[in-house]
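Let's take a walk through one part of this model together. Keep the structure open beside you as you read.

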Amino acid sequence: MKVSIIGGGGLVGSCAGYALQCGGVVSDIDLIDVAGDLCRGQALDLLHGASIAADQRIRATDYAMSIPESDFICITAGLRRKPDESRLDLINRNVELFLNILREVKGAGPKPSAIVLVVSNPVDVLTYLATKQLGLPSGQVIGLGTQLDSARFRSLIADALKLPPTQVTATILGEHGDSMVPIWSAAQAAGMPLDKFPGWTSATADALFAKTRGSGAEVIKLKGGAGFAVGLAIREVVHAVALDRKRILPVASLVSGTYGMRDVCISVPTVVGRRGVEAQLEIELWPKELSGLQHSGQVLRETIDLVLKANPNAAKAGAPIGVGAAPPARPNAPVRVTMGGGNGSGPASRSKVTISGQGGNL
Ligand SMILES: NC(=O)c1ccc[n+]([C@@H]2O[C@H](COP(=O)([O-])OP(=O)(O)OC[C@H]3O[C@@H](n4cnc5c(N)ncnc54)[C@H](O)[C@@H]3O)[C@@H](O)[C@H]2O)c1
């Protein structure tokens, strides 16, 4: 699978390139960046390690050369957040730049089957714009969403409770931003409920979530921007597509009824495979988690309205790519999964599972 990384000269793009090189799964890594020398330097540095890492083709290139051949287009180009700036404040500075990138991508002629991953912030809003503008089926446009937040959450929980990080499963849904929602109802370590582990208290939980939510700003303050972890978070999405893994990831995509939300891109549990978003799962949540998620959807919808008002061009739907060749636009209909026993006061019982709806293709 051939991957193009737009913004490949930057911190996030180059770390994604390195993570994909270490992963050794994809066949080609193309870096595209308006900063030509920086981009060529990053590609050369990666190329030097190719003989140790994997048999991959790596190059610095441009939209016209890369996009028509690309199976996976990862957009990391964008302005970085300032330490005291919210992700949504970035919006005015980033939307115009992002719309230009979408025009470049579309003008270069992507494959009708291409999967697009938006990483640039504010990621959920920009994913929505890409969904509307690119003319690809909505399931082929994915936002990194709360994938990085969830990774940070699990790693920080493991660090605090002295647990093996890869055995902690916990997720964050909603906005990649201030209204993100921790899903404690499903938090586990080694398959056991997290709240039964020694050292666990509700104060610990609150502190860990607060630390996770502030992690992005903390990293920006300390080293200028996030790189390694976001590179790995991107890699997990790329590999889920490349290997048709059908992994359930907290990535953002257009919702059409999932958890009662519509016409917004937001992170819900999402099955990711070769066709991109293959289903959105509506796992039963605690009532306060559900209301937090719906609030997050409202926050994002209000921001999208502001963006569309300030940028009338962003509201115009792009023409479909490869008319006749592309699969029909597939609404991301939710698959409802109800876990018996959840009453909002503790983790839901994991013994009874009913699937009450079928959307997408699991
Ligand atoms: N979604 C997430 O979880 C997450 C995490 C970290 C960072 N981010 C976001 O990723 C973006 C990039 O962050 P960074 O730290 O890598 O910034 P950076 O400044 O290091 O890199 C951005 C790169 O984009 C390039 N660029 C700008 N316009 C371009 C264009 N039209 N075409 C191609 N390249 C272009 C720049 O030359 C630069 O090299 C920011 O918006 C940041 O907020 C998102």
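Start with helix 7, residues 147–161. At 1.5 Å a residue, its 15 residues should span 21 Å, and the end C-alpha atoms are indeed 21 Å apart, so expectation and model agree. Keep in mind that this is a predicted model.

Now look at which parts of helix 7 are tucked away. The buried residues are Q147, L148, D149, S150, A151, R152, F153, R154 and I157. What do they pack against? The buried residues of helix 7 pack against a mix of helices and strands: strand 7 (168–173), strand 8 (181–189) and strand 10 (247–249), along with helix 8 (202–213), helix 9 (215–223) and helix 10 (228–242). Follow the chain just past helix 7 and you meet K162, which takes a positive phi of about 55°.

Next comes the sheet. It is an open one with three strands in the order 7-8-9, paired antiparallel. Strand 7 and strand 9 (192–193) are the edge strands, each pairing on one side only. Strand 8 and strand 9 run antiparallel and are joined by two bridges. If you'd like to find a bridge yourself, look for Q188, whose partner in strand 9 is P193.

Finally, let's put helices and sheet together. Helix 7 lies across strand 7 and strand 8, and runs at about 140° to strand 7. Helix 11 (residues 287–310) also lies across strand 7 and strand 8, running at about 135° to strand 8.

Terms used
Residues numbered from 1 in each chain as written. Predicted model: local features only at pLDDT ≥ 70, side-chain atom pairs only at ≥ 80, totals over all residues. Helix = DSSP H or I, 4+ residues; strand = E, 2+ residues; numbered from the N terminus. Expected span 1.5 Å × (residues − 1). Buried ≥ 20, exposed ≤ 12 C-beta atoms within 10 Å, placed from the backbone. Contact = placed C-beta atoms within 7 Å. Pairing = 2+ DSSP bridges. Axes fitted to C-alpha atoms, helices over the stretch in contact; angles between N-to-C directions.
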